Amino acid sequence: QKRRIVDAAPAQNLLNDLANRVRYRGSPYHKKNPGDFRLMPPAQPRPDKTLCDTAGIFKLADADRWLREGARRGLISDNPQHGFPKHIWAVTEKGIVLEATYSNENPGYYHGYPLFDPDPFRQIVIGRWNRT
């Protein structure tokens, strides 16, 4: 299924509410160094997965902050899952594009990973981020 950011973001009060309800959980498959993510099972990086370590995110609070900021700015997908967007995107201060995916484990929980070239969706996210 194609990734797509909503054309028209919901009202800011709804985005703020969403930002307050989402949580970053993390995935052991996207971490080499577990940091304070409390992963179960512990970090088990898979060669076919992008590691969030390469984005320089080693603290759960930082991952959570980027997830919430993406929601607040309306960089959300147009295909909700249980009342939450399937994807939320953000761009770090270093210009690294982050994609979070709804985990279906608990309501509002996401895991994420960076997007790198040659993924063309990166430029779409950066363009929208810079307009918000």
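1. Is R68 buried or exposed? In this predicted model, R68 is buried, with a relative accessible area of 17%, and since the limit for that label is under 20%, the assignment follows directly from the value given for R68. The residue belongs to helix α2, and once its neighbours within four places in sequence are set aside, R68 is in contact with A19, N20, V22 and R23.

2. Helix α2 also holds a charged pair, in which the side chains of R72 and E69 meet in a salt bridge with an N to O distance of 3.1 Å. The two residues stand 3 apart in helix α2, so that about one helical turn separates R72 from E69. Both ends of this pair are partly exposed, R72 at 30% relative accessibility and E69 with a relative accessible area of 22%.

3. Turning to the salt bridges as a whole, a search of the entire structure finds 10 of them. As background, side chains of opposite charge can pair when their charged atoms come close. One of the bridges joins the side chains of R3 and D119, at 2.9 Å from N to O. This pair links distant parts of the chain, with R3 in the segment before α1 (12–21) and D119 in the loop between β6 and α3 (121–131), 116 residues apart. With 28% relative accessibility, R3 counts as partly exposed, whereas D119 is buried, its relative accessible area being 17%. The pair is also part of a wider arrangement, as R3, E99 and D119 are linked in a network of salt bridges.

4. Another salt bridge involves R4 and D7, whose side chains meet at 3.5 Å from N to O. What is the relative accessible area of R4? The value is 43%, and R4 is therefore classed as partly exposed, while D7, at 62% relative accessibility, counts as exposed.

5. The loop between β6 and α3 deserves a separate remark for its backbone, since P118 is found there and a cis peptide bond joins D117 and P118, with omega at about 15°. A reader checking the backbone geometry may also wish to look at H82, where phi is near 55°, a positive value in a residue other than glycine. H82 lies in the loop between β2 (80–81) and β3 (84–85), and at 65% relative accessibility H82 counts as exposed.

6. Which strands pair with β6? Strand β1 (residues 23–24) pairs with β6 in the parallel sense over 2 bridges, and in this pairing Y24 stands opposite Y110 in β6. Strand β5, by contrast, runs antiparallel to β6 and is joined to it by 6 bridges, with L115 in β6 serving as the bridge partner of V97. β5 and β6 together form a hairpin with 6 residues between them, and N104 in the turn has a positive phi of about 65°. Strand β6 is mostly covered, in that 6 of its 7 residues are buried.

7. The remaining point concerns internal space, for which the search of the whole structure finds 1 cavity of 30 Å³ or more. In general terms, rolling a probe the size of a water molecule over the atoms shows where empty space is left. About 140 Å³ of space lies in the largest cavity, and its lining comprises 14 residues, of which Y24, A63, L98, G112 and Y113 lie nearest the centre. The elements that give two or more residues to this lining are α2 (60–72), β4 (87–91), β5 (97–102) and β6 (109–115). By residue class, the lining of the largest cavity divides into 12 nonpolar, 1 polar and 1 charged.

8. Taken together, several of these points return to strand β6, which pairs with β1 in the parallel sense, runs antiparallel to β5 and gives two or more residues to the lining of the largest cavity. Helix α2 likewise appears in more than one context, as the place of the buried residue R68, as the helix that holds both R72 and E69, and as one of the elements contributing to the cavity lining.

Conventions. Residues are numbered from 1 along each chain as its sequence is written. This is a predicted model: local features need pLDDT of at least 70, side-chain atom pairs count only at pLDDT 80 or more; totals for chains, interfaces and linings use all residues. Side-chain values use heavy atoms; hydrogens and water are left out. On a 1 Å grid over the protein atoms alone, a cavity is a set of points where a 1.4 Å probe fits but cannot get out, and a pocket is an open set with protein on both sides within 12 Å along at least five of seven lines; lining residues have an atom within 4 Å of a point. Grid points are joined across faces, edges and corners, and a volume is the space filled by probe spheres set on the points. Helices (H or I, at least four residues) and strands (E, at least two) are DSSP runs, numbered from the N terminus. Ala, Val, Leu, Ile, Met, Phe, Trp, Tyr, Cys and Pro count as nonpolar, Asp, Glu, Lys and Arg as charged, and the others, Gly among them, as polar. Buried means under 20% relative accessible area, exposed over 50%, partly exposed in between (1.4 Å probe, protein chains only). Two strands pair if DSSP finds at least two bridges between them. A salt bridge is a side-chain nitrogen of Lys or Arg within 4 Å of a carboxyl oxygen of Asp or Glu. Contact means heavy atoms within 4.5 Å.
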